[in-house]
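I opened this notebook to record what I looked up, in the order in which I looked. The entries begin with a loop residue and end with the core.

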Amino acid sequence: MIAANTNASYDGCFPGASGSDVISLPAGTYNLTGPAGDDASANGDLDIDPGGGPLTILGSAIDANEQPTSIIDANNVDRAIHVIPDALAGDVQLLALGVRNGNATADGGGLLVGDPDADVVIDTTRWQGNDTTDYGGAVHFGDGVTGSSIYIEQSEFSGNTAGEEGAPSGSTCRMEGAWQRSSTPPSSATARTRWAVRSTSARGR
Ligand SMILES: [Ca+2]
Ligand SMILES: [Ca+2]
Ligand SMILES: [Ca+2]
């Protein structure tokens, strides 16, 4: 991740490019370690800097039960993935991934898109057991985001919780073939915590 962000070699990794970078994750579980709070991919969440150019994180093949076999496990020490704010626009794709056990005290238990002009595609993913005391148990995309989009396709959300709202109601977040298990409409505060995705000012595409 650091090589992709900085477009330089890092710790034996090939240097990233200012053009598109692809990080391919073979099947397996990738355990993140803490502490939380850094934004340079040194600890905790994987921090994606859109200024490093377009980035795809690509998992391996899905299994016979149509579940991703490449799993990012945040071990409840931080959220899993963070798109940090950057002056440049950026494209981020998360494909064929499981993301589980994210835990944040700020928005986005599994993923926080904090960049104001990122375009994010999430396809063939499974979000499990991600929690936040704030907004968006699995995915938060919103505050201060004015020129960007998020597109969630063929993805499952299960057992993610949020202390505040987590549903995509009234937003322009676009979800196709995505579903939430163990989730109910946000008719009550308790129900709202079951929902996984929150998006405020984004536009769909
Ligand atoms: Ca790059
Ligand atoms: Ca971070
Ligand atoms: Ca981090």
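**Entry on Ala40.** I first asked whether Ala40 is buried or exposed. I counted 12 C-beta neighbours inside 10 Å, and because a residue with 12 or fewer is classed as exposed, Ala40 counts as exposed. I then located Ala40 in the loop between β2 (28-31) and β3 (46-48). I also looked up its distance to Ile84, which lies 44 residues away along the chain. The two C-alpha atoms are separated by 8.9 Å. I note here that the model is a predicted one.

**Entry on the peptide bond before Pro35.** I stayed with the loop between β2 and β3, where Pro35 is also found. I looked up the peptide bond from Gly34 to Pro35 and found it to be cis. Its omega is near 5°.

**Entry on positive phi values.** I next looked up two residues other than glycine with positive phi. Glu66 has phi near 60°, and Asn101 has a positive phi of about 60°. I placed Glu66 in the loop between β4 (55-58) and β5 (70-73). I placed Asn101 in the loop between β7 and β8 (103-104). Which of the two classes, buried or exposed, applies to Glu66? Glu66 is exposed, because only 10 other C-beta atoms lie within 10 Å. Asn101, by contrast, counts as buried, because it has 22 C-beta neighbours inside 10 Å.

**Entry on the overall make-up.** I then turned to the whole protein. Its secondary structure comes to two helices and 17 strands. Of its 205 residues, 49% are buried. I also looked up the contacts with a separation of 6 or more, and 78% of them join residues 24 or more positions apart.

**Entry on a sheet of three strands.** I recorded an open sheet with the order β8-β11-β14 and parallel pairing. Why is one side of β8 and of β14 left without a neighbour in the sheet? Both strands stand at the edges, each with a single partner strand, so one side of each has no neighbour there. I then looked at the pairing of β11 (residues 131-132) with β14, which is parallel and runs over two bridges. Within this pairing, Thr132 stands opposite Ala162 in β14.

**Entry on β10.** I examined strand β10 (residues 118-128) and found it mostly covered, with nine of its 11 residues buried. How many bridges join β7 to β10? I found 10, and the two strands run parallel. Arg100 has Gln128 in β10 as its bridge partner. Strand β10 is also joined to β13 (residues 149-158), in parallel, by nine bridges. In that pairing Asp123 stands opposite Glu153 in β13.

**Entry on the nonpolar core.** I closed with the largest nonpolar core, which has 33 residues. Which of its members touch the most other members? They are Ala80, Leu111, Val113 and Val120. Strand β7 (residues 90-100) gives the most to this core, with six residues. In soluble globular proteins, nonpolar side chains tend to be buried together. I then followed Leu111, leaving aside its neighbours within four places in sequence. Leu111 is in contact with Arg79, Ala80, Ile81, Val99, Ala138 and Val139.

Definitions and conventions:
Residues numbered from 1 in each chain as written. Chains lettered and ligands numbered in written order. Predicted model: local features only at pLDDT ≥ 70, side-chain atom pairs only at ≥ 80, totals over all residues. Core = buried A, V, L, I, M, F, W, Y, C linked by C-beta atoms within 7 Å. Buried ≥ 20, exposed ≤ 12 C-beta atoms within 10 Å, placed from the backbone. Helix = DSSP H or I, 4+ residues; strand = E, 2+ residues; numbered from the N terminus. Contact = placed C-beta atoms within 7 Å. Pairing = 2+ DSSP bridges.
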